[in-house]
Amino acid sequence: MCHFVTCGHFVSNGQSRRVIEKCGFSFVKEFDYTTRMGTVERTRLYVCDNPTLER
């Protein structure tokens with residue numbers, strides 16, 4: 001069973017940030033990500049815990 005799900009977006013993509021936060025994801029960290037094209041994009045990582053798991 002999955003304990004958590006992660007997702008991320010480039011800092012320049014404000015629409016993705018709003019959707020991710022509305023879906024209940026919590027911000028974890030910001031870092032530089034090198035794309036396949038070789039550009040470096042500032043990226044935000046989020047996590048959402050599985051609420052059905054017993055702790």
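Two strands count as paired if DSSP finds at least two bridges between them. In this predicted model, strand 1 and strand 3 meet that test, with seven bridges in the antiparallel sense. One of the bridge partners can be named: Thr6 is matched by Val47 in strand 3.

**The sheet**

Three strands make up an open sheet, ordered 1-3-2, with antiparallel pairing. Strand 1 (4-10) and strand 2 are the edge strands; each has a single partner strand, so one side of each has no neighbour in the sheet. From one strand to the next, the twist averages 25°.

Strand 2 and strand 3 pair over eight bridges, again antiparallel. Thr34 has Val40 in strand 3 as its bridge partner. The two strands, 2 and 3, form a hairpin with five residues between them. In the turn, Gly38 has a positive phi of about 90°.

Helix 1 lies across strand 1 and strand 3. Its direction is at about 160° to strand 1.

**Salt bridges**

Side chains of opposite charge can pair when their charged atoms come close. The structure holds four salt bridges. Three of them are listed here, including one from the helix.

| Acidic residue | Basic residue | Closest N and O atoms |
|---|---|---|
| Glu21 | Arg17 | 3.2 Å |
| Glu30 | Arg44 | 3.0 Å |
| Asp32 | Arg42 | 2.9 Å |

Glu21 and Arg17 both belong to helix 1 (residues 14-22). They are four residues apart, about one turn of the helix. Glu21 is partly exposed, with a relative accessible area of 37%. Arg17 is also partly exposed, at 29%.

The other two listed pairs connect strands. The salt bridge between Glu30 and Arg44 links distant parts of the chain: Glu30 is in strand 2 (residues 26-34), Arg44 is in strand 3 (residues 40-49), and 14 residues separate them. Glu30 is partly exposed, with a relative accessible area of 32%.

The salt bridge between Asp32 and Arg42 likewise links strand 2 to strand 3, with the two residues 10 apart. Arg42 counts as partly exposed at 36% relative accessibility. Glu30, Asp32, Arg42 and Arg44 are linked in a network of salt bridges.

**Aromatic rings**

A pair of aromatic rings is described by the distance of the centres and the angle of the planes. The count comes to two aromatic pairs. Phe10 and Tyr33 form a tilted pair, 6.3 Å centre to centre with 40° between the planes. This pair links distant parts of the chain: Phe10 is in strand 1, Tyr33 is in strand 2, and they are 23 residues apart. Phe10 counts as partly exposed at 31% relative accessibility. Tyr33 is partly exposed too, with a relative accessible area of 41%.

The rings of Phe27 and Tyr46 have their centres 5.8 Å apart and their planes at 75°, so this pair is edge-to-face. Phe27 in strand 2 and Tyr46 in strand 3 are 19 residues apart, again linking distant parts of the chain. Phe27 is partly exposed at 40% relative accessibility. Tyr46 is buried, with a relative accessible area of 0%.

A charge also meets a ring. The charged end of Lys29 sits over the ring of Phe31, 5.4 Å from its centre.

Notes
Residues numbered from 1 in each chain as written. Predicted model: local features only at pLDDT ≥ 70, side-chain atom pairs only at ≥ 80, totals over all residues. Heavy atoms only, no water. Salt bridge = Lys/Arg side-chain N within 4 Å of Asp/Glu carboxyl O. Buried < 20%, exposed > 50% of the residue type's maximum accessible area, 1.4 Å probe, protein only. Axes fitted to C-alpha atoms, helices over the stretch in contact; angles between N-to-C directions. Contact = heavy atoms within 4.5 Å. Phe/Tyr/Trp six-rings, centres within 6.5 Å; stacked < 30°, edge-to-face > 60°. Lys NZ or Arg CZ within 6 Å of the ring centre and 35° of its normal.
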